[in-house]
Amino acid sequence: MRFFSDVAALARKDLLIELRAKETVPAMLLFVLSALTIFHFAVPAGASAKISIGLLWTAIVFTALLGLTRAFVPEREQGVFDALVLAPSDRSAIWAAKALSVLAFLGLAELVALPAFGLFFSGVGWHGVAAFALADIGICAVGTLTGAMAVAGRARELILPLLFLPLAIPVVAAGVGASIAGGGKYLAFLALYDAVFALLSWGAFEYVVAQT
Amino acid sequence: MVRATKVTKRFGDKRVLNRVDAEVEAGGFLLVTGPNGSGKTTLLRVLAGLDAPTSGQVLLPDRATIGYLGHEPHVYRELTPLENLHLFGRLYRVPERAERIGMLLERFGLWDVRDQRVQTFSRGMRQRLGLCRVLLHSPTLAVLDEPFNALDEAGAALLDATLDVIAPVSAVVLATHDPGRVERLATQRLAFA
């Protein structure tokens with residue numbers, strides 16, 4: 001129970017900070033809409049739906065990366081990470097709360113991006129929506145861990161994409177597969193990815209914090 | 001309470017701490033002095049459990065009992081003092097949190113600005129709030145790195161009075177460029193060259 005109450009308190013803090021600072025979500029929205037607009041003009045009319053779906057997934061992964069890059073900025077700027085790490089709560093609560101807040105930001109970006117994609121290209125089916133929902137969980141779980149790894153480094157803006165993007169490849173592959181071909185096997189793979197990487201990230205966070 | 005034995009800390013090729021010994025018991029006050037870059041901050045981070053030594057041993061108390069103030073106040077700029085202290089009070093399971101927070105904000109002269117965002121504060125006000133955060137859970141080991149920085153005379157006097165109260169019952173490790181200010185409390189001294 002203490003773990004969940006700590007996660008709730010920390011996630012509430014992240015949402016409150018974003019509500020006041022309005023830095024991350026507007027940037028993510030602007031980025032994903034700009035990317036889709038560019039793709040709209042760059043892809044020839046009548047191009048295959050497979051191409052446009054691939055571009056949508058690319059835009060979403062980089063939008064998530066933008067959110068992840070900002071995730072630990074409030075902690076880094078005022079040295080708050082030290083105070084959080086010293087608190088007697090389970091340190092993985094920091095990871096869980098941050099992953100939840102990035103998940104909320106990414107979900108908001110997708111609420112705008114998917115209808116915009118439907119406007120520019122074609123609608124995303126229910127399999128696609130389910131794939132995005134499952135992919136978001138995996139992206140935020142693993143992305144928050146890599147974000148915490150990068151936060152202590154000097155070249156953090158460089159390190160985060162280098163750590164995160166290779167780990168996001170299976171998510172994109174399965175997500176595109178689910179969006180185009182439908183079928184439960186891709187969604188099952190995404191659910192398995194979520195479970196495995198959420199557990200790994202949860203377990204590894206304490207070690208990552210100790211090393212940074 | 002806290003004991004460092006032959007602690008060495010390296011950052012790459014640079015050796016910042018070289019076989020340093022330090023031990024502070026409850027009621028002890030370790031005064032750490034030295035010029036910039038001599039290793040004071042690194043030692044304090046090791047003694048707070050924030051950095052691991054490259055070699056040597058550090059025995060620390062439970063981290064719930066440690067209060068650490070570094071060069072930053074370690075509070076969120078977008079939150080108010082009340083929101084910051086309630087967050088850390090929850091994480092530290094501070095009993096009777098609201099009363100404790102109110103008392104600290106009153107003591108450090110921040111009660112009237114309790115609902116203003118920290119980003120509107122001066123450096124000195126943020127430092128006062130950082131001290132409130134450190135004292136919130138009544139730490140038995142207080143590790144304070146240049147705590148007088150940015151404080152005006154009134155703020156420094158408040159910190160003096162607070163140290164007078166906590167020093168006899170807690171272990172305190174304090175680094176400063178102005179040792180005269182706390183010389184009266186020091187039971188041990190560690191001077192870096």
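**Strand β5 of chain B, in the sheet and at the contact**

Me: In this predicted model, which residue stands opposite Y68(B)?

Reply: Y68(B) faces V143(B), a residue of β6(B).

Me: What makes β5(B) and β6(B) a pair of strands?

Reply: Two strands pair if DSSP finds at least two bridges between them, and four bridges join β5(B) to β6(B), residues 141-145; the two therefore meet that definition, and they run parallel.

Me: Why are β5(B) and β8(B) said to stand at the edges of the sheet?

Reply: The five strands of this open sheet follow the order β5-β6-β7-β3-β8 in chain B, with parallel pairing. β5 (66-69) and β8 (188-191) of chain B each have a single partner strand, so one side of each is left without a neighbour in the sheet. Neighbouring strands here are turned by 10° against each other on average, direction ignored.

Me: What angle does helix α4(B) make with β5(B), and how is it to be read?

Reply: Helix α4, residues 123-135 of chain B, packs on the sheet and touches β5 and β6 of that chain, and its direction makes about 165° with that of β5(B). Because angles run from 0 to 180 degrees between N-to-C directions, this value belongs to a helix and a strand that run in nearly opposite directions.

Me: Which elements of chain B give two or more residues to the side that touches chain A?

Reply: They are β5 and α2 (81-91) of chain B, and α2(B) supplies the largest share, four residues. The contact as a whole takes 22 residues from chain B and 18 residues from chain A.

Definitions and conventions. Residues are numbered from 1 along each chain as its sequence is written. Chains are lettered from A and ligands numbered from 1 in the order in which they are written. This is a predicted model: local features need pLDDT of at least 70, side-chain atom pairs count only at pLDDT 80 or more; totals for chains, interfaces and linings use all residues. Two residues are in contact if their C-beta atoms, placed from the backbone, lie within 7 Å.
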